[in-house]
Amino acid sequence: MIITRALYGLKSSGAAWRAMFSDFIINQLDFQSTIIDQDVYRRKSYYQDANGNTVPYYELLLVYVDDVLLVSKDPDSVMKKIGETFRLKEGFNKPTAYLGAETFQHVNNDGTESWALGSGKYVKNVVQQVKDMLEKEGRPLKTPGSKTKREQVGPMHPNYKPELDPLGCRQARKISTDHRNVEYLAAPRTGHLEAVYDITKTWTSGRIDA
């Protein structure tokens with residue numbers, strides 16, 4: 001208990017946890033870390049198809065700090081073994097979300113099922129967040145359909161004059177998700193925040209599904 005508490009708040013705690021959990025995954029579960037991403041593990045396994053044939057495939061274990069996503073024909077056996085060593089806060093079940101993205105089963109054209117990730121909920125949350133931020137400034141998020149060319153420049157009103165303030169920088173860092181702004185995440189300016197507003201406006205132009 002003392003060791004567990006001591007880990008929290010230390011700069012090395014994240015690395016220590018990752019090393020310990022990775023060692024467990026490799027030595028106890030017999031998964032191997034992949035070359036492209038060391039936090040994605042795979043293990044060769046087999047299953048019986050409808051014709052009784054033994055089919056080889058790879059189980060995948062995705063880890064983000066203490067969030068685990070398992071892709072397997074027999075996920076219960078793996079998750080139960082993890083639960084024997086680590087306390088699972090909410091148990092385990094079919095995923096409904098992972099790292100902010102919805103997860104759901106999709107039926108393919110041939111009748112087989114696949115798992116998919118959706119960003120509808122994430123996008124809606126970002127759009128609402130931007131609307132709330134602009135509302136505090138007394139300015140609505142303009143939606144597509146503006147009549148004049150000047151109004152189509154961005155979601156802000158033409159007389160909007162952003163100030164260079166630390167809050168704006170934090171906001172830009174928080175909601176910037178477009179690749180054109182990624183390079184400015186280390187030192188964003190309010191101008192970049194306005195660019196993010198403009199990107200968010202395009203997300204309101206169509207239907208947002210999961």
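1. Two strands count as paired when DSSP finds at least two bridges between them. In this predicted model, strands β5 and β6 are joined by two bridges and run antiparallel, so the pair qualifies under that cut-off of at least two bridges. One of the contacts is between Ala97 and Glu102, the latter being the bridge partner in β6.

2. The β5 and β6 pair belongs to an open sheet of three strands, ordered β5-β6-β7, with antiparallel pairing. β5 and β7 are the edge strands, each pairing on one side only. Between β6 (residues 101–107) and β7 (residues 113–118) there are six bridges, and these two strands are antiparallel. Glu102 has Gly118 of β7 opposite it. Glu102 is also the residue that partners Ala97.

3. The connection from β6 to β7 is a hairpin, with five residues between the strands. Gly111 lies in the turn and has a positive phi of about 95°.

4. A second open sheet has four strands in the order β1-β2-β3-β4, again with antiparallel pairing. Its edges are β1 (32–33) and β4 (67–71), each of which pairs on one side only. Five bridges hold β3 and β4 in antiparallel register. Within this pairing, Val63 has Val68 in β4 as its bridge partner.

5. Which residues make up the aromatic cluster? Trp17, Phe21, Phe24 and Phe86 are linked into a cluster by ring pairs. The structure as a whole holds six aromatic pairs. Trp17 pairs edge-to-face with Phe86, with the centres 5.6 Å apart and the planes at 80°. Trp17 is in helix α2 (residues 13–27), while Phe86 is in the loop between α3 (75–85) and β5 (97–98); the pair therefore ties together parts that are 69 residues apart in sequence.

6. Phe86 also pairs with Phe21, again edge-to-face, at 5.2 Å centre to centre and 90° between the planes. Phe21 is in helix α2 and Phe86 in the loop between α3 and β5, so this pair ties together parts 65 residues apart in sequence. Are these rings buried or exposed? Phe21 is buried, at 4% relative accessible area, and Phe86 is buried at 15%. Trp17, at 25%, is partly exposed.

7. The loop between α3 and β5 also contains Lys94. This lysine counts as exposed, with 57% relative accessibility. Lys94 and Pro75 are 19 residues apart in sequence, and their C-alpha atoms are 9.3 Å apart in space.

8. How many salt bridges does the structure hold? There are two salt bridges. In one of them, the side chains of Arg18 and Asp39 meet at 2.9 Å, N to O. Arg18 is in helix α2 and Asp39 in the loop between β1 and β2 (40–48), so the contact ties together parts 21 residues apart in sequence. Arg18 is partly exposed, with a relative accessible area of 33%. Asp39 is likewise partly exposed, at 26% relative accessibility.

9. Glu59 and Arg43 form a salt bridge too, with 2.8 Å between the closest N and O atoms. Glu59 belongs to strand β3 and Arg43 to strand β2; the pair therefore ties together parts that are 16 residues apart in sequence. Glu59 is buried, its relative accessible area being 2%. Arg43 counts as partly exposed, at 21% relative accessibility. The cut-off for buried is under 20%, so Arg43 falls outside that class.

10. Two basic side chains sit over tyrosine rings. Arg42 lies over the face of Tyr58, at 4.5 Å from the ring centre. Lys73 lies over the face of Tyr47, and its distance from the ring centre is 4.5 Å.

11. Tyr58 also contributes to a nonpolar surface patch of about 250 Å², together with Leu60 and Val71. Leu60 is located in strand β3 (residues 54–64). At 31% relative accessibility this leucine counts as partly exposed. Patch residues need over 30% relative accessible area, so Leu60 meets that requirement.

Methods:
Residues numbered from 1 in each chain as written. Predicted model: local features only at pLDDT ≥ 70, side-chain atom pairs only at ≥ 80, totals over all residues. Heavy atoms only, no water. Phe/Tyr/Trp six-rings, centres within 6.5 Å; stacked < 30°, edge-to-face > 60°. Buried < 20%, exposed > 50% of the residue type's maximum accessible area, 1.4 Å probe, protein only. Lys NZ or Arg CZ within 6 Å of the ring centre and 35° of its normal. Patch = residues over 30% accessible without salt bridge, like charges linked within 9 Å, V, L, I, M, F, W, Y side chains within 5 Å. Areas by Shrake-Rupley, 256 points an atom, 1.4 Å probe, with all protein chains shown as cover. Salt bridge = Lys/Arg side-chain N within 4 Å of Asp/Glu carboxyl O.
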